Amino acid sequence: MTALIIRLGARLDACAVITAKIGGIVLLALAAMTVLSVIGRGINAYGFGPIQGDFELVEHGMAFVVFCSLPYCQLRFGHVSVDVIARRFPYPLAWGLAVISQAGMAIMALLITRQLYFGLVDKWQWGETTFIIQFPVWWGYAASLVPASLWAIAAIAACVKMAASYQPDKALP
């Protein structure tokens, strides 16, 4: 059983790394597109212009990028914490606070993923499109739902890992 959990944890970590790398690539592409669009605005007099719908693409793309980074961050306990204060507490109290905060993150990840799914269904049913380039809004929701679901799974795994890590002779992760 332990070997299975270790393998699943390794696969979850590999998925989180791949997702974070995909998010980084998309972020670089969005930055390049923004630069090209700004340059196009600057040389508008020469027959060039901005990229149409650039802000729409950035809006949906950045949501995807943020959701891509969350599983990686979650599995490395990289979210904001009050370590400055908690590290001074006795280990059982610091550990208990860490477990509670991981459980809170897991609940929040599940709720956000759930609401993202409901938003996806709503946008899909209504056929809402963006103003300028007219692409369906639900595409952005669908793209973000995949890494958001991975984040929810990672948050649950991180909570379980923290809860199982009680060892008073070692530091918290």
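These exercises with worked solutions cover burial, salt bridges, cores, rings and a helix in the model above.

The model is predicted: local features need pLDDT of at least 70, side-chain atom pairs count only at pLDDT 80 or more, and totals for chains, interfaces and linings use all residues. Residues are numbered from 1 along each chain as its sequence is written, and side-chain values use heavy atoms, with hydrogens and water left out.

**Exercise 1. Ser37**

Task: Place Ser37 in its helix, classify its burial, and list its contacts.

Solution.
- Step 1. Helices are DSSP runs of H or I with at least four residues, numbered from the N terminus. Ser37 sits in helix 1, residues 2-42.
- Step 2. Buried means under 20% relative accessible area, exposed means over 50%, and partly exposed lies in between (1.4 Å probe, protein chains only). Ser37 has 0% relative accessibility, so it counts as buried.
- Step 3. Contact means heavy atoms within 4.5 Å. Not counting residues up to four places away in sequence, Ser37 touches Pro50, Ile51 and Asp54.
- Step 4. A polar contact is a pair of N or O atoms within 3.5 Å; within protein, one must be able to donate a hydrogen and the other to accept it, and residues adjacent in sequence count only if both atoms are side-chain atoms. The side chains of Ser37 and Asp54 make such a contact at 2.6 Å.

**Exercise 2. Salt bridges**

Task: Count the salt bridges, then describe the partners of each.

Solution.
- Step 1. The rule: a side-chain nitrogen of Lys or Arg within 4 Å of a carboxyl oxygen of Asp or Glu. The count is three.
- Step 2. Take Asp13 and Arg76. Their closest N and O atoms are 2.8 Å apart. The pair links distant parts of the chain, 63 residues apart: Asp13 is in helix 1, and Arg76 is in the loop between helix 2 (54-75) and helix 3 (83-86). Asp13 is partly exposed at 27%. Arg76 is partly exposed at 35%.
- Step 3. Take Asp54 and Arg41. Their salt bridge is 3.2 Å, N to O. Asp54 belongs to helix 2 and Arg41 to helix 1, 13 residues apart. Asp54 is buried at 9%, whereas Arg41 is partly exposed at 44%.
- Step 4. Take Lys123 and Glu128. The N to O distance is 3.0 Å. Lys123 is buried at 17%; Glu128 is partly exposed at 37%.

**Exercise 3. Nonpolar cores**

Task: Find the largest nonpolar core and say which helices supply at least two residues each.

Solution.
- Step 1. A nonpolar core is a set of buried Ala, Val, Leu, Ile, Met, Phe, Trp, Tyr and Cys residues joined through side-chain atoms within 4.5 Å.
- Step 2. The largest core has twelve residues, including Phe67, Leu70, Met105, Leu116, Leu145, Trp151 and Ala155. Helix 2, helix 4 (91-126) and helix 5 (138-163) each supply at least two of its residues.
- Step 3. Probe one member. Leaving aside neighbours within four places in sequence, Ala155 is in contact with Gln74, Gln102, Met105, Ala106 and Ala109.
- Step 4. Another core, of seven residues, lies apart from the largest one; among its members are Phe77, Trp95, Ala158 and Met162.
- Background: in soluble globular proteins, nonpolar side chains tend to be buried together.

**Exercise 4. Aromatic pairs**

Task: Count the aromatic pairs and classify the geometry of two of them.

Solution.
- Step 1. Rings of Phe, Tyr and Trp (its six-membered ring) pair if their centres lie within 6.5 Å; planes under 30 degrees apart are stacked, over 60 edge-to-face, and the rest tilted. The count is six pairs.
- Step 2. Tyr91 and Tyr166 have ring centres 5.3 Å apart and planes at 50°, so the pair is tilted. Tyr91 is in helix 4 and Tyr166 in the segment after helix 5, 75 residues apart. Tyr91 is buried at 15%; Tyr166 is partly exposed at 38%.
- Step 3. Phe135 and Trp139 have ring centres 5.9 Å apart and planes at 20°, so they are stacked. Phe135 is buried at 12%, and Trp139 is partly exposed at 46%.
- Step 4. Tyr91, Trp95 and Tyr166 form one aromatic cluster.

**Exercise 5. Helix 2**

Task: Check the span of helix 2 against the expected value.

Solution.
- Step 1. The expected span is 1.5 Å times one less than the number of residues.
- Step 2. Helix 2 has 22 residues and should span 32 Å; its end C-alpha atoms are 32 Å apart, which agrees.
- Step 3. Buried residues of helix 2 include Asp54, His60, Phe64, Phe67, Pro71 and Gln74.
- Step 4. Phe77 follows helix 2 and has a positive phi, near 50°.
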